[in-house]
Amino acid sequence: MKIIKLLSLILGSLYLLGCTASKEISVNSRESWQAAKPKPFTQHVPERITIHHEGTIFEKSGDAPKHIKNVQTWGMGKDRNWTDIPYHFLIDPNGNVYEGRNVFTVGETATEYDPTGHLLITCMGNFEEQEIGEEQLEALINLTAYCCKKYQISPETIASHKDYSKQTVCPGKNLYKFIENGYIQSEVIKRLKDGD
Ligand SMILES: [Zn+2]
């Protein structure tokens with residue numbers, strides 16, 4: 001009897017641990033990458049998830065906060081004159097998530113689509129040339145599920161930059177395949193159900 005009770009307790013806590021793991025998301029703040037203050041911005045309500053790659057080859061050993069800061073500095077400079085870093089969230093190859101621009105501000109793009117209403121998540125790296133690792137893909141799924149829940153966005157809206165633009169291969173074929181075959185969407189839906 002005692003053993004059965006003990007077993008059920010252990011199984012119960014394992015189950016709880018599993019649930020917590022799927023829901024938990026830790027986002028590194030803008031301070032973690034020493035973000036500059038944004039310029040005045042246009043507001044919007046995010047209603048779809050759009051996945052990007054950052055486009056620069058980036059390895060696990062790279063200094064993610066430093067790279068993110070450089071992207072912001074370049075984007076806000078004379079080349080682009082953007083109001084802030086273009087994306088709402090960034091994920092490094094180790095699966096760490098970083099806060100980008102305010103979610104309620106319109107993102108930026110160097111191509112022809114209008115990102116109003118799009119919540120932009122970028123994976124650091126170039127997946128036309130690199131393979132996406134398990135940690136980064138897993139973090140992308142968890143973050144997308146978190147955003148769907150928090151901002152009441154349907155997982156049906158999950159798409160990528162190149163679904164809206166003919167001028168880009170972003171997020172690269174090695175990441176796009178997981179969008180195209182429905183893997184990311186079905187994993188997000190699973191996690192949303194687990195989180196109820
Ligand atoms: Zn893109």
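The following exchange takes up the fold, the sheet and the helices of one predicted chain.

Biologist: On what numbering and on what confidence limits do the statements about this model rest?
Modeller: Residues are numbered from 1 along each chain as its sequence is written. The model is predicted, and local features need pLDDT of at least 70, side-chain atom pairs count only at pLDDT 80 or more, while totals for chains, interfaces and linings use all residues.

Biologist: What pLDDT does the chain average, and over which residues is the pLDDT below 50?
Modeller: The pLDDT is the predictor's confidence in each residue, from 0 to 100. The chain averages 90, and 87% of the residues score at least 70. Where pLDDT is low, the predicted coordinates should not be read in detail. Beyond near neighbours in sequence, the stretch with pLDDT below 50 has four contacts in the model (C-beta atoms, placed from the backbone, within 7 Å), and this stretch is residues 1-22.

Biologist: In what order do the elements of the chain run from the N terminus on?
Modeller: Helices (H or I, at least four residues) and strands (E, at least two) are DSSP runs, numbered from the N terminus. The secondary structure comes to five helices and six strands. Their order is α-β-β-α-β-β-β-α-β-α-α.

Biologist: What percentage of the chain's residues count as buried?
Modeller: A residue is buried if 20 or more other C-beta atoms lie within 10 Å of its own, exposed if 12 or fewer, and partly exposed in between, with C-beta atoms placed from the backbone. Of the 196 residues of the chain, the buried portion is 35%.

Biologist: In what order do the strands form the sheet, and which are the edge strands?
Modeller: Strands of a sheet pair through backbone hydrogen bonds, either parallel or antiparallel. Here two strands pair if DSSP finds at least two bridges between them. Six strands form an open sheet with mixed pairing, in the order S1-S4-S3-S5-S2-S6. Each edge strand pairs on one side only, and these are S1 (27-28) and S6.

Biologist: How many bridges join S2 to S5?
Modeller: Strand S2 (residues 48-53) is largely enclosed by the rest of the structure, because five of its six residues are buried. Arginine 48 stands opposite histidine 118 in S5, and isoleucine 49 stands opposite leucine 119. S2 runs parallel to S6 (residues 159-160) over two bridges, whereas its parallel pairing with S5 (residues 118-123) has six bridges.

Biologist: Which residues point each way from S5?
Modeller: S5 is mostly covered, with six of its six residues buried. The strand is joined to S3 in parallel by three bridges, and cysteine 123 stands opposite isoleucine 91 there. One way point His118, Leu120 and Thr122, and the other way Leu119, Ile121 and Cys123.

Biologist: Which residue of S4 is the bridge partner of isoleucine 91?
Modeller: S3 and S4 pair in the antiparallel sense over three bridges. Within S4, the partner of isoleucine 91 is valine 97.

Biologist: At about what angle does H3 run to S5?
Modeller: H3 has 17 residues and reaches 24 Å from its first C-alpha to its last, close to the 24 Å expected at 1.5 Å a residue (1.5 Å times one less than the number of residues). Its buried residues, including Leu140 and Ile141, pack against S2, S3, S4, S5 and H5. Axes are lines fitted to C-alpha atoms, for helices over the stretch in contact, and angles run from 0 to 180 degrees between N-to-C directions. H3 lies across S2, S3, S4 and S5, and its angle to S5 is about 165 degrees.

Biologist: Within what arc do the buried residues of H4 fall?
Modeller: In helix H4 (residues 173-180), Leu175, Tyr176 and Phe178 are buried. They line one face of the helix, because seen down the axis of H4 the directions from that axis to their C-beta atoms fall within an arc of 155 degrees. They pack against S2, S5, H3, S6 and H5. The arc asked for is 155 degrees.

Biologist: Why does isoleucine 184 count as buried?
Modeller: Isoleucine 184 lies in helix H5. Leaving aside its neighbours within four places in sequence, its contacts are Leu140, Ile141, Thr144, Ile158, Phe178 and Ile179. Its C-alpha atom is separated by 8.5 Å from that of leucine 137, 47 residues apart along the chain. Isoleucine 184 counts as buried because its C-beta neighbours inside 10 Å number 24.

Technical notes: Two residues are in contact if their C-beta atoms, placed from the backbone, lie within 7 Å.
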